[in-house]
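User: I've got a new model open and want a quick tour. Can you walk me through it?

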Amino acid sequence: MNLEIFHPIVRTWFERRFGTPTEAQSKGWPAIVSGRHTLIAAPTGSGKTLAAFLISLDKLVRDALAGDLPESTQVVYVSPLKALANDIQRNVVEPLDEITTLARDMGISLPEIRIGIRTGDTSRRDRARHVRKPPHVLITTPESLFILITSESGREALKSTHTLILDELHALVPNKRGSHLSLSVERLCALTEGAMIRIGLSATQHPIEEVGRFLTGMTGHVQSEHDHRGAHVESTDLPEASPAVIVDTGHRRAMDLGIEIPQDLNLGPIATHEHWAQVLDRI
């Protein structure tokens with residue numbers, strides 16, 4: 001994708017740091033820019049986390065320079081992994097710090113864009129600070145998101161969210177933790193004042209459409225009815241939400257496969273010392 005969609009500061013930073021986009025980025029950015037829910041499925045190291053974040057960082061930079069950046073949370077990133085520090089440092093904190101430094105070198109004063117992490121380990125002091133000055137980018141876990149939505153101050157801070165990034169979806173779709181998160185996501189969407197874009201990140205899955213349906217969720221209401229025996233039952237009227245754009249870049253890989261076996265030795269049901277010696281020598 002053409003990098004002209006980004007602000008000159010962000011574009012210059014990306015070109016100096018990475019040169020050209022990865023496939024996950026070049027295919028994911030158009031869908032995100034268009035306002036569509038987007039699922040990016042790609043292997044580790046494909047740049048999919050930055051693919052999700054850079055559009056959001058670009059908007060924050062533009063709003064900050066225009067003086068239109070609200071004092072409230074704009075982007076929520078949810079990961080089921082408690083050890084978020086390394087990924088966040090590499091994909092959010094460092095890019096934002098480098099973009100801020102680049103802007104200063106270009107003679108542009110970029111107002112502060114705050115990043116906050118909220119997990120079960122977050123101190124009471126940091127939580128109070130987040131209430132006073134909500135981070136523009138909130139990084140959290142499914143459980144902490146649930147707690148935030150159940151508090152009055154948390155709902156107040158989150159109602160201006162316009163982008164929701166859900167990472168490691170493949171680890172959430174098949175279990176109760178994912179079911180619990182899906183309810184929190186629907187509550188967050190109902191809470192926000194405007195339309196909210198959902199961006200999902202996943203390892204390669206099959207069928208990937210199931211992960212896409214998990215990302216977009218469902219809306220509707222519960223209807224009370226009675227069955228033919230007069231017993232009270234509940235049925236749901238839940239039309240599917242707008243389908244997600246699926247960017248799947250993880251299935252076609254160039255592979256060089258070969259089979260090697262020990263030479264000049266008779267193979268049997270048990271590997272002998274001679275077999276292992278040849279294997280270790282070959283390795």
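Analyst: A term to begin with: a residue counts as buried when its relative accessible area is under 20%. By that cut-off, 41% of the 283 residues in the chain are buried. Keep in mind that this is a predicted model.

User: How many helices and strands are in the chain?

Analyst: The chain has 10 helices and 9 strands.

User: And what share of the contacts joins residues at least 24 apart?

Analyst: Take the contacts between residues at least 6 apart in sequence: 68% of them join residues at least 24 apart.

User: What about the surface, how much does the chain expose?

Analyst: About 16100 Å². Carbon and sulfur atoms supply 52% of that.

User: Inside now. Which residues of the largest nonpolar core touch the most other members?

Analyst: Trp29, Leu54 and Ile165, in a core of 39 residues. The elements giving two or more residues to this core are α1 (8–17), α2 (23–33), α3, β2 (75–78), α4, β4 and β6 (197–202).

User: Which element gives the most to this core?

Analyst: α3, with 10 residues. Another core lies apart from this one. That other core has 22 residues, among them Leu145, Leu172, Met196 and Ala244.

User: Back to Trp29. Which residues in α2 are buried?

Analyst: Trp29 is one of them. The others are Ala24, Gln25, Ser26, Gly28, Ala31 and Ile32. Their cover includes α1, β1 (38–41), α3, β6 and β9 (245–248). Just after α2, Gly35 has a positive phi of about 90 degrees.

User: Which residue follows α9, and what is its phi?

Analyst: Gly217, with a positive phi near 75 degrees. Within α9 (residues 208–216), the buried residues are Ile208, Val211, Gly212, Phe214, Leu215 and Thr216. β1, β5 (163–166), α8 (176–191), β6 and β9 are among the elements that cover them.

User: Switching to pockets. How much space lies in the largest one?

Analyst: About 430 Å³. Its lining has 22 residues, and those closest to the centre are Gly45, Gly47, Thr49, Arg90 and Asn91. α3 (48–66) and α4 (85–105) are the elements that give two or more residues to the lining.

User: How does that lining divide into nonpolar, polar and charged?

Analyst: It has 5 nonpolar, 11 polar and 6 charged residues.

User: Now His136. Is it buried or exposed?

Analyst: Buried: the relative accessible area of His136 is 0%, so it falls under the 20% cut-off. His136 sits in the loop between α5 (124–132) and β4 (137–140).

User: What is His136 in contact with?

Analyst: Leaving out neighbours within four places in sequence, there are contacts with Leu60, Leu69, Pro70, Ser72, Thr73, Gln74 and Val75. Glu112, Ile113 and Arg114 also contact His136.

User: Where does Pro111 lie?

Analyst: In the loop between α4 and β3 (115–118). Pro111 has a relative accessible area of 37%, so it counts as partly exposed, in between the 20% and 50% cut-offs.

User: What does Pro111 touch?

Analyst: Ala64 and Leu65, not counting residues up to four places away in sequence.

User: And how are the C-alpha atoms of Pro111 and Leu60 separated?

Analyst: By 10.0 Å, with the two residues 51 apart along the chain. Leu60 also came up earlier, among the contacts of His136.

How values were computed
Residues numbered from 1 in each chain as written. Predicted model: local features only at pLDDT ≥ 70, side-chain atom pairs only at ≥ 80, totals over all residues. Heavy atoms only, no water. 1 Å grid on protein atoms, 1.4 Å probe; cavity = no way out; pocket = protein on both sides within 12 Å on 5 of 7 lines; lining within 4 Å. Points joined across faces, edges and corners; volume = space filled by probe spheres on them. Helix = DSSP H or I, 4+ residues; strand = E, 2+ residues; numbered from the N terminus. Nonpolar A, V, L, I, M, F, W, Y, C, P; charged D, E, K, R; others polar. Buried < 20%, exposed > 50% of the residue type's maximum accessible area, 1.4 Å probe, protein only. Contact = heavy atoms within 4.5 Å. Core = buried A, V, L, I, M, F, W, Y, C linked by side-chain atoms within 4.5 Å. Areas by Shrake-Rupley, 256 points an atom, 1.4 Å probe, with all protein chains shown as cover.
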